[in-house]
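Visitor: I would like a friendly walk through this structure, please. Could you take my questions one at a time?

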Amino acid sequence: MTLFAAEPRRRSRTRTTGWAFVIGAVVLGLLASILPSPYLIEVPGPVYNTIGTQEQGSGKDAKDVELIQVSGHPTYPTDGALDMLTVGIQGDATNRPSWTSVIRALFSRSEAVIPASAIYPEGVTTDQVNQQDTADMQQSQQSAVAAALIHQGYRLPTDLEVGTVQKGSAADGVIEQGDVIRSFDGTSLTTNADATSLRELVAKHGTSGPATVVVERDGAEKTVELTPRSEQGTALIGVGVTERYDFPFKVSITLQDVGGPSAGMMFALGIIDEITPGALNGGKHVAGTGTITADGEVGAIGGIRQKLYGARDAGATVFLAPAANCDEVVGHVPDGLDVYKVATLDQAVTDLRTIAAGKSTAKLARCTS
């Protein structure tokens, strides 16, 4: 009788233990769905055709507005699409996705989990990040117009206006906010110049002695001297400059609720398509991404994987990716998307013209492992 009675007691303990695991799992599941994580999730965002329109306004006031508008220069019909891509962020400086969302994103090919500090460093608010993204977008649009026009043979008078002066830097007390830098060590910075040109001149000068800088202040030119200082092995003078261009005709880019610099290349391609005869893309559905400098250098961007999937989902068959992002492209290209790597605006235009003409693409550069 004792042995017979012992078996039900063991089963009872097993059932009790099993229910404890079930209840624990349920509690952990509930906590995971509620508790915020220290991460953000990148997802494919909206896609905008730079040679198309965007609906603006709401209700009866809603209307389609061309993203790129040109006045003072002939424009020509376009065809197909030149899509710029965005990345959506789930979460912000104070609201984070749940652990359940993070775990789900880890198993998604089109999503990525990143530390919240990558976008919102300690002490930085959501509003501050949004303001910087807006400023980056505005600068990107100016650089895109400049790059497109320089590609078309225009020489653009340029102002490098000082926006910030780093405290304790070589420029502190020498150069002032609002100054326009006209030359550095005798090299003019008034035509086709950009922030990159200034950095290269400072790096070439080095830190061994003073450099001569001509600035325009309150309408008058002033010559000053300063000695660049080394920061992490790079010669710097400690100013942030904004590029201001004198364009021969007006190009406006109208895009709401999108920030950051990564649409620069696609804006530049859209402008070139608008002001030159024929369809630059041959009527194909092209998407791409990349920052742009006035001299046409295409730079790396964030969220390339999400943008690849966003392009595919929008119907694109051709994708132009920055060469600097190739390590993130390899192994993450969705089926049906033909990806080409580009390092300059000239290369992007050449690639599109090759594709548009139906010529062999065998010699066009691609991302490889």
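Visitor: How far apart are the sulfur atoms of the disulfide that Cys326 and Cys367 form?

Guide: Happy to start there, with a note that this is a predicted model, where local features need pLDDT of at least 70, side-chain atom pairs count only at pLDDT 80 or more, and totals for chains, interfaces and linings use all residues. Residues are numbered from 1 along each chain as its sequence is written, and side-chain values use heavy atoms, leaving out hydrogens and water. A disulfide here is a pair of cysteine sulfur atoms within 2.5 Å. The sulfur atoms of Cys326 and Cys367 meet that cut-off, at a separation of 2.0 Å.

Visitor: Which hand does the disulfide of Cys326 and Cys367 have?

Guide: The torsion about the S-S bond decides this. For Cys326 and Cys367 that torsion is about -70°, so the disulfide is left-handed.

Visitor: How many residues apart are Cys326 and Cys367 in the chain?

Guide: Helices (H or I, at least four residues) and strands (E, at least two) are DSSP runs, numbered from the N terminus. Cys326 sits in helix α7 (residues 326-329), while Cys367 belongs to the segment after α8 (345-356). The disulfide thus links distant parts of the chain, and the two cysteines are 41 residues apart.

Visitor: Is Cys326 buried or exposed?

Guide: Buried means under 20% relative accessible area, exposed means over 50%, and partly exposed lies in between (1.4 Å probe, protein chains only). Cys326 has a relative accessible area of 10%, so this residue is buried. Its partner Cys367, at 16%, is likewise buried.

Visitor: In what order do the six strands of the open sheet run?

Guide: Two strands pair if DSSP finds at least two bridges between them. The pairing in this sheet is mixed, and the edge strands, each pairing on one side only, are β6 (112-115) and β20 (338-342). The twist averages 35° from one strand to the next. The full order is β6-β1-β5-β16-β19-β20.

Visitor: Which residue in β16 stands opposite Ala81?

Guide: Strand β5 (residues 81-90) and strand β16 (residues 285-288) run parallel and are joined by four bridges. Opposite Ala81 stands His285.

Visitor: And which residue stands opposite Ala112 in β6?

Guide: Here the strands β1 and β6 pair in the antiparallel sense, again over four bridges. The residue opposite Ala112 is Glu42.

Visitor: Which residues make up the uncovered face of β6?

Guide: In a regular strand the side chains alternate between the two faces of the sheet. In β6 the covered face holds Ala112 and Ile114. The uncovered face consists of Val113 and Pro115.

Visitor: At what angle does helix α5 run to β5?

Guide: Axes are lines fitted to C-alpha atoms, for helices over the stretch in contact, and angles run from 0 to 180 degrees between N-to-C directions. Helix α5 (residues 264-275) lies across β5, β16, β19 (318-322) and β20. Its angle to β5 is about 155°.

Visitor: Why is the pair of Tyr39 and Trp99 edge-to-face?

Guide: Rings of Phe, Tyr and Trp (its six-membered ring) pair if their centres lie within 6.5 Å, and planes under 30 degrees apart count as stacked, over 60 as edge-to-face and the rest as tilted. By this rule there are three aromatic pairs. In the pair of Tyr39 and Trp99 the centres are 5.9 Å apart, and the pair is edge-to-face because the planes meet at 80°.

Visitor: What is the angle between the planes of Tyr245 and Phe247?

Guide: Both Tyr245 and Phe247 are buried. Their rings form a stacked pair, 5.6 Å centre to centre, with the planes at 25°.

Visitor: Which residues is Ser143 in contact with, leaving aside its neighbours within four places in sequence?

Guide: Ser143 lies in helix α3 (residues 126-151) and is buried, with a relative accessible area of 4%. Contact means heavy atoms within 4.5 Å. Apart from those neighbours, the contacts of Ser143 are Glu243, Tyr245, Ile292, Thr293 and Ala294.

Visitor: Where is Gln232, which has a positive phi although it is not a glycine?

Guide: Phi of Gln232 is about 55°. At 84% relative accessibility, Gln232 counts as exposed. The residue is found in the loop between β12 (229-231) and β13 (234-236).
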